[in-house]
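The exercises below each set a task and then work through the solution step by step. Please keep the sequence and the structure in view as you read.

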Amino acid sequence: MSNTTTGLKAGAVAGIVYGIIDAVFAVVLVTVFKNTIMNEIQKSLNSVPGGTTITAQAVYSLAIVFAVVGAIIGGVIIGLILGAIFGAVNKSIPGKTQTFKGLLFGLIIWLIFNVLIGLSNLGAYGITYYASGLAGGLVAALVFGYLTGLLFEKWQEKPRVESNSWTEQ
């Protein structure tokens, strides 16, 4: 089995756990920042030409459901993709153990997805929401990285030592 395939498998399993952690943090964030989110939803609904009969509460309720379902499904999909990348670049990642490499990979994922891409939420929801997302994202990314490295090491094809029955006698 190639490193990419091993990474794909490890990433899929780690992605499920990542998705569950992300779902929990998403529900907490959406609950804690309900008023801010409801205000943003209402602004969007008010800007619909001709108006709408959809309420901010209905959209908010859907947002909670989609946050959970999306986090878990997204965790698996992202896990598959990032796991394959982990396997493909594994030899280039510094570190002696796969779990260390996984943690480093998780930290890079966090920097890209939570720190950089997460900045897009800063204007609408504020620094507290952004910082909370950073904290939750760091936990999820490090768990993902650790599990990916751990499972990669467990499932990685070990070099075979050929024995010669003539020399073993």
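**Exercise 1. Find the helix that gives the most residues to the nonpolar surface patch, and place Leu80 within the picture.**

Solution. In this predicted model, the patch on the surface consists of Leu8, Val65, Val69, Ile73, Ile77, Leu80, Ile81, Ile85 and Val89, which together have about 690 Å² of accessible area. Helix H3 gives the most to this nonpolar patch, with eight residues. Leu80 lies in helix H3, and because its relative accessibility is 32%, Leu80 counts as partly exposed.

**Exercise 2. Identify the buried residues of H3 and state what covers them.**

Solution. Begin with the buried residues of H3, among them Ala56, Tyr60, Ala67, Ala71, Gly75, Gly79, Leu82 and Phe86. Next, look for what covers these buried residues of H3, which includes H1, helix H2 (34–46), H4 and H6.

**Exercise 3. Describe the largest nonpolar core and the contacts of Phe105.**

Solution. The largest nonpolar core has 13 residues, of which Leu82, Phe86, Phe105, Ile109 and Phe144 touch the most other members. Two or more residues of this core come from each of helix H1 (3–32), helix H3 (56–89), helix H4 (98–116) and helix H6 (127–155). Leaving aside residues up to four places away in sequence, Phe105 touches Leu82, Ile85, Phe86, Ile93 and Phe144. A second core, separate and made of ten residues, includes Leu29, Val30, Phe33 and Met38.

**Exercise 4. Locate the salt bridge and work out how its two residues are placed.**

Solution. The structure holds one salt bridge, and it joins Lys43 to Glu40, with the closest N and O atoms 3.1 Å apart. Because Lys43 and Glu40 are three residues apart in helix H2, about one helical turn separates them. Turning to accessibility, Lys43 counts as exposed because its relative value is 53%, whereas Glu40, at 22%, counts as partly exposed.

**Exercise 5. Decide whether the protein chain is more spread out than a compact globule or not, and describe its overall arrangement.**

Solution. The protein chain has six helices and zero strands, following the pattern α-α-α-α-α-α along the sequence. Its radius of gyration is 21 Å, well over the 15 Å that the globule rule gives for 169 residues, and therefore the protein chain is more spread out than a compact globule. Taken along the principal axes, the C-alpha atoms of the protein chain fill a box of roughly 90 × 25 × 25 Å. Buried residues make up 33% of the 169 residues.

Note on methods. Residues are numbered from 1 along each chain as its sequence is written. This is a predicted model: local features need pLDDT of at least 70, side-chain atom pairs count only at pLDDT 80 or more; totals for chains, interfaces and linings use all residues. Side-chain values use heavy atoms; hydrogens and water are left out. A nonpolar core is a set of buried Ala, Val, Leu, Ile, Met, Phe, Trp, Tyr and Cys residues joined through side-chain atoms within 4.5 Å. Buried means under 20% relative accessible area, exposed over 50%, partly exposed in between (1.4 Å probe, protein chains only). Helices (H or I, at least four residues) and strands (E, at least two) are DSSP runs, numbered from the N terminus. Contact means heavy atoms within 4.5 Å. A salt bridge is a side-chain nitrogen of Lys or Arg within 4 Å of a carboxyl oxygen of Asp or Glu. Patches are made of residues with over 30% relative accessible area and no salt bridge: like charges are joined within 9 Å, nonpolar side chains (Val, Leu, Ile, Met, Phe, Trp, Tyr) within 5 Å. Accessible areas come from the Shrake-Rupley method with a 1.4 Å probe; for residues, only the protein chains shown count as cover. The radius of gyration is taken over C-alpha atoms; the globule rule is 2.2 Å times the number of residues to the power 0.38.
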